[in-house]
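Let's take a walk through this structure, one stop at a time. Have the viewer open and follow along.

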Amino acid sequence: MPLHRAIFVSDAVGAAATSLLPLAEILGQAGRNNRRSGLTSALMRHDGRFLQVIEGRRADVDRLMDRLRLDPRHENVRLLSDVAVADRRFGDWPMILVELTSAAARVLNGEPLDQLSPARAETLLATAVDAAAVPA
Ligand SMILES: Cc1cc2nc3c(=O)[nH]c(=O)nc-3n(C[C@H](O)[C@H](O)[C@H](O)COP(=O)(O)O)c2cc1C
């Protein structure tokens, strides 16, 4: 099955920037919908911004991106990367929330999330996902 990967960064709006409840609501919606669409995803919130990777079939990734752009909980959605890939790189979770672990922070090197190159955004998310992975 051909796979597609999109990585975007956005600016969180209002409570979505700092509070737990909007984040939990996003994770709940995303988990349900992504599972249904065969999408896998990792989301990081840091310093008022979201960084997210989405992997799945192109049509499903595009549909989600169209919906995401309309979500008032964030704005200025900008794609860092939008490419065909051979394999999933960020695990098999429909949605996983990842933290800026110390290893991931070294990749970020004090810069804002929206200054990341596509390659560094991938490395950052992969590092954070590896740290978050729990044994089955
Ligand atoms: C930063 C961010 C990431 C999101 N990620 C996803 C996602 O991976 N999958 C998803 O279905 N919705 C995601 N959403 C929510 C969608 O924008 C939208 O509200 C939701 O899909 C609507 O689902 P519903 O029709 O089941 O309520 C995200 C929202 C934000 C703000």
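Before we look at the ligand, one cut-off: a polar contact here is a pair of N or O atoms within 3.5 Å. Keep in mind, too, that this is a predicted model.

With that in hand, start at the ligand. There are 14 residues around the ligand, and those that come nearest are Asn33, Asn34, Gln52, Arg67 and Asp71. Gln52 puts a polar side-chain atom 2.9 Å from a ligand oxygen. Arg73 does something similar, with a polar atom of its side chain 3.0 Å from an oxygen atom of the ligand. Over at Asn34, an N or O atom of the side chain sits 2.8 Å from a nitrogen atom of the ligand. On its own the ligand has 620 Å² of accessible area, and the protein covers 82% of that.

Next, swing over to helix 2, which runs through residues 58-69. Its twelve residues span 17 Å from first C-alpha to last, close to the 16 Å you'd expect at 1.5 Å a residue. Which residues of helix 2 are buried? They are Asp60, Val61, Leu64, Met65 and Leu68. Look down the axis of helix 2 and these buried residues fall within an arc of 135°, so they line one face of the helix. The general rule behind such a pattern is that an α-helix has 3.6 residues a turn, so residues three or four places apart point the same way. As for what lies over the buried residues of helix 2, the cover includes strand 1 (3-12), helix 1 (20-37), strand 3 (49-56) and strand 4 (74-85).

Strand 3 is a handy place to go on from, since Glu55 is found there. Is Glu55 buried or exposed? At 1% relative accessibility, Glu55 counts as buried. The side chain of Glu55 reaches the backbone nitrogen of Arg89 at 3.1 Å. Beyond its neighbours within four places in sequence, Glu55 has contacts that include His4, Arg5, Gly38 and Phe90. Val61, one of the buried residues of helix 2, is also in contact with Glu55, and so is Asp87.

That last contact takes us to the loop between strand 4 and strand 5 (96-98), where Asp87 lies. Asp87 counts as exposed because its relative accessibility is 55%, and the cut-off for exposed is over 50%. Setting aside neighbours within four places in sequence, Asp87 touches Leu3, Arg5 and Glu55. In sequence, Asp87 and Arg5 are 82 residues apart, yet their C-alpha atoms are 9.4 Å apart in space.

Technical notes:
Residues are numbered from 1 along each chain as its sequence is written. This is a predicted model: local features need pLDDT of at least 70, side-chain atom pairs count only at pLDDT 80 or more; totals for chains, interfaces and linings use all residues. Side-chain values use heavy atoms; hydrogens and water are left out. Helices (H or I, at least four residues) and strands (E, at least two) are DSSP runs, numbered from the N terminus. The expected span of a helix is 1.5 Å times one less than its number of residues. Buried means under 20% relative accessible area, exposed over 50%, partly exposed in between (1.4 Å probe, protein chains only). The arc is that of the directions from the helix axis to the C-beta atoms. Contact means heavy atoms within 4.5 Å. A residue is near a molecule or strand if one of its heavy atoms lies within 4 Å of it. A polar contact is a pair of N or O atoms within 3.5 Å; within protein, one must be able to donate a hydrogen and the other to accept it, and residues adjacent in sequence count only if both atoms are side-chain atoms. Accessible areas come from the Shrake-Rupley method with a 1.4 Å probe; for residues, only the protein chains shown count as cover.
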